[in-house]
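Okay, thanks for coming, everyone. Let me put the structure up, and then I'll walk you through the parts I'd like you to look at.

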Amino acid sequence: MTTTAGIDLGALDVDSAAGHEVAEKRAEESRVDFDRVKALRLKAEETVFVRFLNDFDKHSGPLSSWITVRVHKYHATKEKPEDRKGNWPSNMDAVCRNDKIFKNLKFGSWSGKPEHSACYLCDMGEGRATDVTWALVALLEPVEDEKGKLIGLKTAMKDVQRGEKGKTEVVTVQDIRLLTMGWSNFFSDIAALADMNETVLNYDLKIRRKGSGRNDTEYKFSPVAPRTVKVDGENVLLDLRDKALMDRFFPEVPNLLGLIVERATEQYYDRWFIPGRDGFESDEEESEGRVSTKPATPAPNNDRDPERMDALRRRALGESYDSDEESASEEPASTLRSL
Ligand SMILES: [Zn+2]
């Protein structure tokens, strides 16, 4: 049947729209966030358990180590453009385009004028960029026995939407978070622990935040007992310096350098900070601030090869993560004790 407008109704993909089950599935999907790497932020008196995925030393671990770059923290965004729908964040973190890490890329002046540097926010002179250390962690959740006693930890999972707009599917993935914190009030204490142990990759870490104000916030870190996992029927220590274990238990760790670069691109600055510029893809919806503007970049094995990021992302988006096979053998530690 053809409508008066000349559209063939027989060509519609009615299966994707018909019936109550589709309605319910669509409602569920719309409640699930797109696959983005969220920041790990602790509220006052909150405690979390994490496993670091990037090591403290640059020669250690299969992925890149912790990375420190200058960040314009919580910088006020420009006014919401009139044609934008949805939420508009009042502030965003931006990686400073004048940071040393970009030296070889020779970014030009943001305005094209020689009196300007590569960084719009530096030139505007509001809010100095400060050094921030970046690392990825897997969020862990406590495992309790029938009596509610803590007996171990396992990787936390979350549902996300993946795929192109209009063709998404909901998949369950590991809840991997981005830590962006200062050295003196956060990372230096973890480095001290890691130094004793020569790595931060072979134990889980309990992090507790005390206080909420600028001057009374304090973070406490305690390592948790080494965790064993089952590999081919044998119990082995979950030491993520071992690439095979990293690949097996954390197969989709985003590329840390990629996440940093995404927050330093011209497009990112145009989008959030420079008035009169757009920076959005034409069909892109942006409703969530303070997190990655792109899907997570799964790059399990080629952390040092950003050129292959896109290919990997495409490949990973076409595959759903089979959590059963990979995680079923991950067993909680039998006891928790300090190292
Ligand atoms: Zn800057």
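So, to start: is aspartate 232 buried or exposed? Exposed, with 6 other C-beta atoms within 10 Å. The cut-offs behind that word: 20 or more other C-beta atoms within 10 Å of a residue's own make it buried, 12 or fewer make it exposed, and anything in between is partly exposed, with C-beta atoms placed from the backbone.

Before going on, some ground rules. This is a predicted model, so local features need a pLDDT of at least 70 and side-chain atom pairs count only at pLDDT 80 or more, while totals for chains, interfaces and linings use all residues. Numbering runs from 1 along each chain as its sequence is written.

pLDDT, the predictor's confidence in each residue on a scale from 0 to 100, averages 82 over the chain, and 82% of the residues score at least 70. Confidence peaks in strand β2 (residues 47–52) at a mean of 97, and it is lowest in helix α8 (residues 323–327), at 29. Please be careful with residues 285–339, where the pLDDT is below 50. That stretch still has 108 contacts in the model beyond near neighbours in sequence. By contact I mean two residues whose C-beta atoms, placed from the backbone, lie within 7 Å.

Now the overview. We have 8 helices and 13 strands; these are DSSP runs numbered from the N terminus, H or I over at least four residues for helices and E over at least two for strands. Of the 339 residues, 26% count as buried. If you take contacts between residues at least 6 apart in sequence, 67% of them join residues at least 24 apart.

Back to aspartate 232, then. This residue sits in the loop between β12 (228–231) and β13 (234–237). Those two strands pair in the antiparallel sense over 4 bridges, and pairing here takes at least two DSSP bridges between the strands. Across the hairpin, valine 231 stands opposite glutamate 234, and lysine 230 stands opposite asparagine 235. There are 2 residues between the strands, and aspartate 232 takes a positive phi near 50°.

Next, the core. A nonpolar core here is a set of buried Ala, Val, Leu, Ile, Met, Phe, Trp, Tyr and Cys residues joined through C-beta atoms within 7 Å. In the largest one, with 55 residues, Leu53, Trp134, Leu136, Val137 and Ile260 touch the most other members. Strand β5 (residues 130–144) gives the largest share, 7 residues.

Look at leucine 136: leaving out residues up to four places away in sequence, its contacts include Leu53, Ile176, Leu178 and Val253. Leucine 140 is in β5 too, and it is buried, with 22 other C-beta atoms within 10 Å. Among the residues leucine 140 touches are Phe49, Val50, Leu153 and Asp204. Aspartate 204 is 64 residues from leucine 140 along the chain, yet their C-alpha atoms are separated by 8.4 Å.

On to α3 (183–197). Which residues of α3 are buried? They are Phe186, Phe187, Ile190 and Ala194. Looking down the axis of α3, you'd find them within an arc of 65°, so they line one face of the helix; the arc is taken from the directions from the helix axis to the C-beta atoms. An α-helix has 3.6 residues a turn, so residues three or four places apart point the same way. The buried residues of α3 pack against β5, β9 (176–181) and β11 (218–223). Turned away from that buried side, the other face carries the exposed residues Ser184, Asn185, Ser188, Ala192, Asp195 and Met196.

Right after α3 comes glutamate 198, with a positive phi near 70°. This glutamate is in the loop that leads to β10 (205–210), and it counts as partly exposed because it has 13 C-beta neighbours inside 10 Å.

One last stop: glutamate 169, in strand β8 (residues 169–174). Glutamate 169 counts as exposed, with 11 C-beta neighbours inside 10 Å. Arginine 26 is 143 residues away from glutamate 169 in sequence, and 9.9 Å away in space, C-alpha to C-alpha.

That's my tour; happy to go back to any of it.
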